[in-house]
Amino acid sequence: MLLWSLLVILAPVDGKSDWLTLVAPSAVFEGDRIDLTCQKKNNWWKVKRVSYYKDGEELQLSSELSNFSIQRAVLSDSGTYHCAVAPDWPLFPFQKEKTSRSVRIEVQELFPRPVLTVSPSRAIEGNPVTLTCETKLSPQRSDAQLRFCFFRDGRALGSGWSSSPELRVPAMWSGDSGSYWCEAETATPSVRKQSLQLQIHVHRVPVSNISLEMRAPRGQVIEGRNLVLLCSVTEGTGNITFSWHREATGTSVGKKTQRSLSVELEVPAVQERDAGRYYCRADNGHGPIQSKVLSILVRIPVSCPILSITAPRAQAVEGDVVELRCEAQRGSPPILYRFYYEDIPLGNSSAPSGGGASFNLSLTAEHSGNYSCEADNGLGARRSEVVPLSLSGRHSVTNALSLSPACLLSFPGTCLVVSFLSLRDVPSANSQASIPSSPSPAIEDLQPDYVNVDPGDGDVAYSFVWSIQLPEDSENTRRTILENKDSHVIYSGVKEM
């Protein structure tokens, strides 16, 4: 009885007793497990109930000495903790609870709340941006591994969780505007934190500096080949709508929408009617802009030319001058025409304004054969069909000489002898022209003063002129010739000056 009285006297008045000790960890970080243990110094007294308190508020009540645990500590778990035990003393029902001394537990931050930043701060459509989730582990827990994830409007970006605190977006578009945030977490201990949301508005750049150019082989638009019209802008973001128009009618000849600063319109198999003036437009929602006008000239390759040969008579003969005319019905000027005899070049002639061209040829015995021509305007040469030409040879001169009566009267000793050959008397091409017969045997030994004189009569092929001395009986000779009734012979008097 005396012993129990002594125990009651020795008990502290405030109820706190060294008989109880609250065991708690010395350092606690977010995510750590906190185990609190209420220990009694002696085991000779029984426990009726045990309570754990934080900042004076009861956390747990138990009928036995058991631990109190916090599975994952958070910053709000910081506070002052103690425990209290009610002894099971039937003889002393008035005895107060035994209370441990208080223990201060401070939960430390494993890493601060992340901050989301964007670079550059002004997002331009079509340009890249970099998102950064900024945070740092506590030096005392630097061995922990951080992971990061970025979100836009509740949807994870990229490949999800990553060890990199940065996410590079190759190109931002107007549809990418929205609310962004990031999260950071550690696996052990498991702590996850989210940044504040950041509103990112992607700015669209209006289109500007538009131009239209053509792309064609060798810089020429050739009928039947493809033409490419390239419409370009130097600035402009987002989906750009390009359209191509004919100036004459304003009608659209093509339209395309895509995320690009330049777009091509291909015109297959260009025709002559496609020539004209064109312009293009571009619009990305800030209003259309229009290019300068571009003139398109369609060059036409030459068609197969036609060769024609014009002679002064129905049957060309040696000495005639014939006209070779070559003409392509279609083809852009200038056109160069080349003329050929049996594939041997004769010469060429140009048609600066288009149409045909001619080439004059003085015929010789060697000019019988096949003729052709070629047209070329730089887009490919075309050869005509072959045109044959045959020549007749010289006439064998057998007509009588005509003695001029005037000559005989005025110049008794001299006259001009003129002989004309009719086409009816023209021999074969291989025959040789002969000296015409004469009353004077010496005429055959003379050389003609002039040959191949064409008086314009279509029946006359050749003419020969001699000047001779008449014999003493010239009057009889003249009379004899005049009495000749040969219709092939024409007589004229020539006065020698």
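The structure holds four disulfides. The model is a predicted one, and this tour begins with its cysteines before turning to strands, core and loops.

**First stop: Cys38 and Cys83**

Select Cys38 and Cys83, which are joined by a disulfide with an S to S distance of 1.9 Å. The link of Cys38 and Cys83 is right-handed, with 70° about the S-S bond. Cys38 belongs to strand E3 and Cys83 to strand E7, so the bond ties together parts that are 45 residues apart in sequence. Cys38 counts as buried because its relative accessibility is 5%. Cys83 is buried as well, with a relative accessible area of 0%.

**Second stop: Cys133 and Cys182**

Move next to Cys133 and Cys182, a disulfide whose sulfur atoms are 2.1 Å apart. The angle about the S-S bond of Cys133 and Cys182 is 75°, and the link is right-handed. Distant parts of the chain are linked here: Cys133 is in strand E12 and Cys182 in strand E16, 49 residues apart. Both Cys133 and Cys182 are buried.

**Third stop: Cys326 and Cys373**

Now select Cys326 and Cys373, where the sulfur atoms of the disulfide lie 2.0 Å apart. The torsion about the S-S bond of Cys326 and Cys373 is about 70°, so this disulfide is right-handed. Cys326 lies in strand E30 (residues 321–327) and Cys373 in strand E34 (residues 369–376); the pair therefore ties together parts 47 residues apart in sequence. Cys326 is buried, with a relative accessible area of 0%, and Cys373 is buried with a relative accessible area of 0%.

With the bonded cysteines of the protein numbered in sequence order, the pairing reads 1-2, 3-4, 5-6, 7-8.

**Fourth stop: Cys149 and Cys304**

Why does Cys149 form no bond with Cys182? The sulfur of Cys182 is the closest cysteine sulfur to that of Cys149, but it is 9.2 Å away, which is too far for a bond. Cys149 is buried, with a relative accessible area of 2%. Cys304 is likewise in no disulfide; the nearest cysteine sulfur, that of Cys373, is 8.2 Å away. Cys304 is partly exposed, at a relative accessible area of 32%.

**Fifth stop: strand E3 and its partners**

Return to the strand that carries Cys38 and display residues 34–40, which make up strand E3. Five of the seven residues of E3 are buried, and the strand is mostly covered. Strand E1 (residues 20–23) pairs with E3 in the antiparallel sense over four bridges. To locate this pairing, select Thr21, whose bridge partner in E3 is Gln39. E3 is also joined to E6 by three bridges, and these two strands run antiparallel. Here Ile34 has Ile70 in E6 as its bridge partner.

**Sixth stop: Ser78**

Follow the chain from strand E6 (68–70) toward strand E7 (79–87); Ser78 lies in the loop between them. Is Ser78 buried or exposed? Its relative accessibility is 15%, so Ser78 counts as buried. The side chain of Ser78 reaches the backbone oxygen of Leu75 at 3.1 Å. Beyond its neighbours within four places in sequence, Ser78 is in contact with Lys54, Asp55, Ile105, Glu106 and Val107.

**Seventh stop: the largest nonpolar core**

In soluble globular proteins, nonpolar side chains tend to be buried together. The largest nonpolar core in this model has 22 residues, and those that touch the most other members are Phe111, Leu131, Phe150, Met172 and Tyr180. The elements giving two or more residues to this core are strand E12 (129–134), strand E13 (146–152), strand E15 (166–169) and strand E16 (178–186).

Select Met172 and show its surroundings. Apart from residues up to four places away in sequence, Met172 touches Ile124, Glu125, Gly126, Asn127, Val129, Tyr180, Ile200 and Val202.

**Eighth stop: the sheet E19-E21-E24**

Three strands form an open sheet in the order E19-E21-E24, with antiparallel pairing. Strand E19 (208–215) and strand E24 (262–267) are the edge strands, each pairing on one side only. From one strand to the next, the twist averages 15°. Strand E21 (residues 227–235) is joined to E24 by six bridges. Select Leu227 to find Val267 of E24 standing opposite.

**Last stop: Leu391**

Finally, select Leu391 in the loop between strand E36 (387–389) and strand E37 (402–403). Leu391 counts as buried because its relative accessibility is 11%. Add Thr364 to the selection: Leu391 and Thr364 are 27 residues apart in sequence, and their C-alpha to C-alpha distance is 8.5 Å.

Terms used
Residues numbered from 1 in each chain as written. Predicted model: local features only at pLDDT ≥ 70, side-chain atom pairs only at ≥ 80, totals over all residues. Heavy atoms only, no water. Buried < 20%, exposed > 50% of the residue type's maximum accessible area, 1.4 Å probe, protein only. Polar contact = N/O pair within 3.5 Å; in protein donor to acceptor, adjacent residues only side chain to side chain. Contact = heavy atoms within 4.5 Å. Pairing = 2+ DSSP bridges. Axes fitted to C-alpha atoms, helices over the stretch in contact; angles between N-to-C directions. Core = buried A, V, L, I, M, F, W, Y, C linked by side-chain atoms within 4.5 Å. Disulfide = S-S within 2.5 Å.
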